[in-house]
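Q: Please take a close look at one part of this model, and then work outward from there. Keep the sentences short.

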Amino acid sequence: MNGKRVLILGGGTAGWITANLMATHWQDKGFDITLVESPDIGIIGVGEGSTPPLKHFMDVIGVDEREWMAECKATYKTGITFKDWSIKPGFTDYFHPFLSQPDQFSAPAFFHNSHLRRNGVDLEGHPNHFFLATELARQKLAPIAPPNFPFEINYGYHFDSSLLGKFLARVAARKGVKYIQATLQEVVLGDDGSINSLKMRDGQQLSADIYVDCTGFNSELLQKALKVPFISCADILFNDSAVVFPTPQQEQIEVQTMATALKYGWAWKIPLTHRNGNGYVYSSRFCDKDKAETEFRTHLNLLDSDIEARHLKFKVGRVAEQWHKNCLAVGLAQGFIEPLEATALDMVQETVARFIEAYNNGNYSDQYRQEFNNRINLRFDAVRDYIVCHYRISSRTDTDYWIENGRNEKISNSLRSILTSWMQGKNITDELERQKLDAYFPNVSWSCLLAGKGIYPTQAQLKPGNELAHQYDLNNIHRYIQGCALNFKPHMEQLAMLEKAAIKAA
Ligand SMILES: Cc1cc2nc3c(=O)[nH]c(=O)nc-3n(C[C@H](O)[C@H](O)[C@H](O)COP(=O)(O)OP(=O)(O)OC[C@H]3O[C@@H](n4cnc5c(N)ncnc54)[C@H](O)[C@@H]3O)c2cc1C
């Protein structure tokens with residue numbers, strides 16, 4: 001394969017992740033990669049929670065935690081607590097854990113209990129009792145296992161997104177990525193409808209073989225210039241706005257994101273080493289900006305504070321094709337579901353990795369492009385349905401917002417079948433496999449979501465069950481999980497070690 005010129009337009013997290021992945025995977029193939037960023041149009045500046053694949057990205061580009069975490073004010077994340085999404089007694093909150101190898105000994109008990117509870121047996125079916133990540137979050141322990149602990153541990157991170165962008169820009173420069181500051185003025189199209197060149201406001205004309213649109217919600221190349229349609233999912237995901245505040249960090253830093261349901265949406269709390277990031281994601285159809293800000297200030301005890309709020313608008317959905325002609329869209333330019341499961345950067349990584357694979361295999365052939373687009377679209381839709389499920393199964397009825405979410409009949413057939421299978425007490429792995437969805441959110445994720453919100457028969461409908469039903473002793477499971485947790489250091493201690501390593505390296 002001959003080297004090509006790649007032009008990435010946009011220097012937000014998506015642009016810099018793309019630049020680093022391409023520079024790493026194509027390092028010996030003679031590719032010439034340039035990232036162009038406007039000096040006048042800022043990055044979105046939110047998006048500070050990740051899923052475990054971000055660690056894989058850092059490993060692939062050859063960056064150690066000691067190099068980036070302290071600089072980006074990063075902390076560890078073992079999962080997310082969803083609080084107040086349900087009003088069912090005993091199920092008002094649950095923890096969505098990132099699964100690790102030690103869970104293979106306790107997860108079967110969760111599946112067993114949850115399956116039988118759905119079928120009317122009175123067994124403990126709340127996910128909070130069965131996973132190591134939940135215990136690490138409860139005790140504020142860093143998910144870093146010592147060398148003599150023979151299991152792999154999965155975890156994500158929280159980080160300051162603008163600092164991460166700056167850090168990744170330096171790594172990309174080391175890998176030979178060129179950097180230009182300029183604002184796009186006009187996209188020049190060729191006769192075949194592909195991009196010929198970009199005219200910039202400063203008079204430069206830039207051309208390349210592959211154009212990557214990382215211009216965020218502007219989507220200057222794919223949506224505006226190439227007119228690829230945007231498929232909105234606002235009819236099933238109502239949120240379109242956010243109000244954001246930083247608050248001071250506490251003495252003990254959490255290893256989890258908090259996602260607390262409020263009257264017209266939900267609020268995130270993301271712990272960084274120097275501050276907490278807080279945001280209230282809500283629907284402007286049900287609540288105006290001032291009302292949202294007041295509710296959020298009350299929630300954060302900031303009613304009398306003069307900390308200024310930042311208000312954002314966003315659109316939910318995805319483009320019809322992420323790769324069209326000679327242009328690939330990555331990041332917010334390709335679509336956005338909503339931040340509830342912090343999946344956006346995972347989508348960025350997956351899009352770029354699959355694009356590189358498709359390009360290496362088939363160059364610009366239609367077959368590979370089509371396969372790639374189908375694959376990424378399926379991923380978007382799978383994430384969308386998982387997130388829609390959070391709203392659809394919520395038992396809150398305190399506002400029109402929650403009532404309308406709870407009776408939304410526009411959900412996809414795919415989600416409807418998963419919910420039916422759960423309600424009928426079936427093994428939902430079969431349904432996920434039938435729909436080929438197990439690669440996105442596996443059974444354990446769906447089970448935690450549905451069990452965690454108490455989607456079970458009512459207590460009055462449950463029967464005691466026989467000895468076989470009670471084959472797992474919860475005390476043994478607690479002992480096992482707490483024994484595993486003894487191997488992990490306090491989060492603060494692990495962060496202090498990273499800080500020390502950064503000072504030493506400076
Ligand atoms: C409320 C909210 C919360 C979120 N929370 C999470 C989360 O917890 N986890 C997660 O993974 N993701 C989250 N996301 C998504 C995340 O913010 C983005 O996926 C991520 O920041 C990548 O953004 P981006 O690089 O695509 O766009 P941006 O950060 O907007 O960057 C756009 C870039 O394009 C450039 N640009 C734009 N127009 C032009 C032009 N005309 N000429 C030249 N350059 C131009 C800008 O200068 C900028 O460099 C959240 C998003 C929102 C809205």
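Which residue should come under the lens? Take Asp385: is Asp385 buried or exposed? Which helix holds Asp385, and which side chain does Asp385 contact? Then go on to the core, the ligand and the loops.

A: Asp385 is buried, because its relative accessible area is 6%, and the cut-off for buried is under 20%. Keep in mind that this is a predicted model. Asp385 sits in helix H10. Its side chain makes a polar contact with the side chain of Arg384, at 3.1 Å.

Stay on the helix. Ala382 also belongs to helix H10. With a relative accessible area of 8%, Ala382 is buried. Measure across from there in the model: the C-alpha atoms of Ala382 and Met347 lie 11 Å apart, with their positions 35 residues apart in sequence.

Now the core. The largest nonpolar core counts 139 residues. Met22, Trp68 and Trp446 have the most contacts inside this core. Helix H10, residues 366–392, is its top contributor, giving 10 residues. Two domains each supply at least three residues to the core. One is domain 1, which covers 5–48, 160–232 and 317–381. The other is domain 2, residues 241–313.

Next, the ligand. Its shell holds 33 residues, and Gly11, Ile41, Val46, Gly49 and Leu332 come nearest. Three of these names return when backbone atoms are paired with ligand oxygen atoms. For Ile41, a polar backbone atom is 2.5 Å from a ligand oxygen. For Val46, a backbone N or O atom is 2.8 Å from an oxygen atom of the ligand. For Leu332, the distance from a polar backbone atom to a ligand oxygen is 2.9 Å. How much of the ligand is covered? On its own, the ligand has 1000 Å² of accessible area, and the protein covers 97% of that. Two helices each give two or more residues to the shell: helix H1, residues 13–25, and helix H9, residues 344–362. By class, the shell comprises 17 nonpolar, 13 polar and three charged residues.

Turn to backbone angles. Most residues other than glycine have a negative phi. Two residues here go the other way. Lys140 has a positive phi, near 55°, and is not a glycine. Ser219 is not a glycine either, and its phi is positive at about 35°.

Both are in loops. Lys140 lies between helix H5 (132–139) and strand E6 (156–158). Ser219 lies between strand E11 (210–213) and helix H7 (220–225). What about exposure? Lys140 is partly exposed, because its relative accessible area is 24%. Ser219 is buried, with a relative accessible area of 0%.

One more loop residue follows helix H7. Pro229 is in the loop between H7 and strand E12 (230–232). Pro229 is partly exposed, at 49% relative accessibility. That value falls short of exposed, because exposed requires over 50%. Pro229 and Gly125 are 104 residues apart along the chain, and their C-alpha atoms are 43 Å apart.

Back to the starting point. Asp385 is a buried residue in helix H10, and helix H10 gives the most residues to the largest nonpolar core.

Notes: Residues numbered from 1 in each chain as written. Predicted model: local features only at pLDDT ≥ 70, side-chain atom pairs only at ≥ 80, totals over all residues. Heavy atoms only, no water. Near = heavy atom within 4 Å. Polar contact = N/O pair within 3.5 Å; in protein donor to acceptor, adjacent residues only side chain to side chain. Areas by Shrake-Rupley, 256 points an atom, 1.4 Å probe, with all protein chains shown as cover. Helix = DSSP H or I, 4+ residues; strand = E, 2+ residues; numbered from the N terminus. Nonpolar A, V, L, I, M, F, W, Y, C, P; charged D, E, K, R; others polar. Core = buried A, V, L, I, M, F, W, Y, C linked by side-chain atoms within 4.5 Å. Buried < 20%, exposed > 50% of the residue type's maximum accessible area, 1.4 Å probe, protein only. Domains from an automatic or database assignment.
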